Amino acid sequence: MTASDALGAAAKSGAEAALIAAILAGDREKFHLLILPYEGQLFRTAFALVKNAEEAEDVVQDAVLKAYRKLASFRGDAKFSTWLIAITLNEARGRLRRENRAIVDSLDEQREDNADFTPAALTDWREVPLAALERQEIRKLLQQAVAELPDAYREIVTLRDVEEYSVNDTAELLGISVALVKVRLHRARLLLQKKLAPQLSRTVKVELKRSPKRSLFGRLSWL
Amino acid sequence: MALKCRHVWDHISEYIDGTLDPQVRADVERHLATCEICSAILDSTRNIIILMADDRVFELPLDFSKRLHARLDKVLKHEHPEPV
């Protein structure tokens, strides 16, 4: 974390503390503002567990209402975002449990040992720029690859790589050891590389072949 | 120590996160300097991680936020947060 990141984080948590104090003092409407920055994060986390957009939305709504009702019990020693995510994970797990769809935390050891965690060997890699995400085709490839990960890997990748929580925070949120987070994260990343690198590489190549024609219509090669 | 490709793959994730022991990191870097395949594996894995962190990949359902705040509004109007 750079000095300015640290300052930014401190200012944010100070602003959140002030909002929380105001809400608890009766300015309840401010709760809207408090959760606004985290809506996307909560949805993606819920979606990683329940795997269905409608259900994920219900989970987030229930979690946010619970967070409001329990706001007085939030202690400033944790980050507000982590506290909210923890409530969302609980809600999602509760729902899965009620429907007997609970994520089996100890992945089937047999499968974990035998699975092929070798990456896709490429001789060269042409970087896929962030601008490529404007294309639905590229977004779909990424969504699909994450959706196909085993459950326990998908939740780790979502917290660590999509939401960018630290390995330690991810371990705490999931109630598993840091060592296990690292092992699963590593395997999940290699599974994603194995699946996506050839697909993305192919898509990029096709695009490059097409681009001279497209240039007649302007610089649209990534759109 | 000279590492084989397979050993380098075992360290890719921690290499990206910068949590490798300095000695192992130096060994990995020595290997990467001369191995095109492992360099491409590292670059593609890192690239995929960067892409996944972008908000555009997993978009919110249309009006998600509107529905969330409408439901919240009903509760905020009538309820205080619970006392500790």
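The expected span of a helix is 1.5 Å times one less than its number of residues. Keep that rule at hand for the exercises below, which work through a predicted model.

**Exercise 1. Check the length of H4(A) against its expected span.**

Step 1. Count the residues: H4(A) has 17.
Step 2. Apply the rule, which gives H4(A) an expected span of 24 Å.
Step 3. Compare with the model: the end C-alpha atoms of H4(A) are 24 Å apart, so the two values agree.
Step 4. Look at the confidence too. Within chain A, helix H4 (residues 53-69) has the highest mean pLDDT, at 97.

**Exercise 2. Repeat the check for helix H5 of chain A, and find what follows the helix.**

Step 1. Helix H5 (residues 80-98) of chain A holds 19 residues.
Step 2. From first to last C-alpha, H5(A) reaches 27 Å, close to the expected 27 Å.
Step 3. Move just past the end of H5(A): there Asn100(A) takes a positive phi of about 55 degrees.

**Exercise 3. Work out which elements the buried residues of H4(A) and H5(A) pack against.**

Step 1. List the buried residues of H4(A). Among them are Ala56(A), Val59(A), Val60(A), Ala63(A), Val64(A) and Ala67(A), along with Glu57(A) and Gln61(A).
Step 2. Find their partners. The buried residues of H4(A) pack against H2, H3 and H5 of chain A, and also against helix H5 (64-78) of chain B.
Step 3. Do likewise for H5(A), whose buried residues include Phe80(A), Leu84(A), Ile85(A), Thr88(A) and Glu91(A). These buried residues of H5(A) pack against H1, H3, H4 and helix H9 (167-174) of chain A.
Step 4. Zoom in on one residue. Beyond its neighbours within four places in sequence, Val60(A) is in contact with Leu42(A), Phe43(A), Ala46(A) and Thr88(A), and with Leu68(B) from the other chain.

**Exercise 4. Locate the largest nonpolar core relative to the domains of chain A.**

Step 1. Start with the domain assignment: chain A has domain 1 (3-98) and domain 2 (109-217).
Step 2. Size up the core, which has 67 residues. Those touching the most other members are Ala46(A), Val60(A), Val64(A), Leu142(A), Ile156(A), Ala188(A) and Leu196(A).
Step 3. Ask which element gives the largest share: this is H10(A), with nine residues.
Step 4. Place the core. Both domain 1 and domain 2 of chain A give residues to this core, so it lies between them.
Step 5. Recall the general background: in soluble globular proteins, nonpolar side chains tend to be buried together.

**Exercise 5. Describe the contact between the two domains of chain A.**

Step 1. The C-alpha centres of domain 1 and domain 2 of chain A lie 26 Å apart.
Step 2. Count the contacting residues: ten from domain 1 of chain A meet nine from domain 2 of chain A.
Step 3. On the domain 1 side, H3 and H5 of chain A are the elements that give two or more residues. H3(A) gives the most, with five residues.
Step 4. Sort that side by residue type, and you get five nonpolar, three polar and two charged.

**Exercise 6. Take apart the contact between chain A and chain B, starting from chain A.**

Step 1. The contact takes 49 residues from chain A and 38 residues from chain B.
Step 2. Elements of chain A giving two or more residues include helix H1 (3-24), helix H3 (39-50), H4 and helix H10 (178-214).
Step 3. H10(A) supplies the largest share of this side, nine residues.
Step 4. By type, the chain A side divides into 26 nonpolar, nine polar and 14 charged residues.

**Exercise 7. Decide where in chain A to read the coordinates with care.**

Step 1. Take the overall picture: chain A averages a pLDDT of 87, and 85% of its residues score at least 70.
Step 2. Find the helix with the lowest confidence in chain A. This is helix H6 (residues 109-114), at a mean of 53.
Step 3. Check residues 213-223 of chain A, where pLDDT stays under 50. The model has eleven contacts beyond four places in sequence for this stretch.
Step 4. Apply the general caution: where pLDDT is low, the predicted coordinates should not be read in detail.

**Exercise 8. Classify Arg25(B) as buried, partly exposed or exposed.**

Step 1. Find its element: Arg25(B) is in helix H3 (residues 22-34) of chain B.
Step 2. Recall the cut-offs: 20 or more neighbours means buried, and 12 or fewer means exposed.
Step 3. Arg25(B) has 15 C-beta neighbours inside 10 Å, so Arg25(B) counts as partly exposed.
Step 4. Add its contacts: leaving out residues up to four places away in sequence, Arg25(B) touches Tyr15(B) and Leu20(B).

Key:
Residues numbered from 1 in each chain as written. Chains lettered and ligands numbered in written order. Predicted model: local features only at pLDDT ≥ 70, side-chain atom pairs only at ≥ 80, totals over all residues. Helix = DSSP H or I, 4+ residues; strand = E, 2+ residues; numbered from the N terminus. Contact = placed C-beta atoms within 7 Å. pLDDT = per-residue confidence, 0-100. Nonpolar A, V, L, I, M, F, W, Y, C, P; charged D, E, K, R; others polar. Core = buried A, V, L, I, M, F, W, Y, C linked by C-beta atoms within 7 Å. Domains from an automatic or database assignment.
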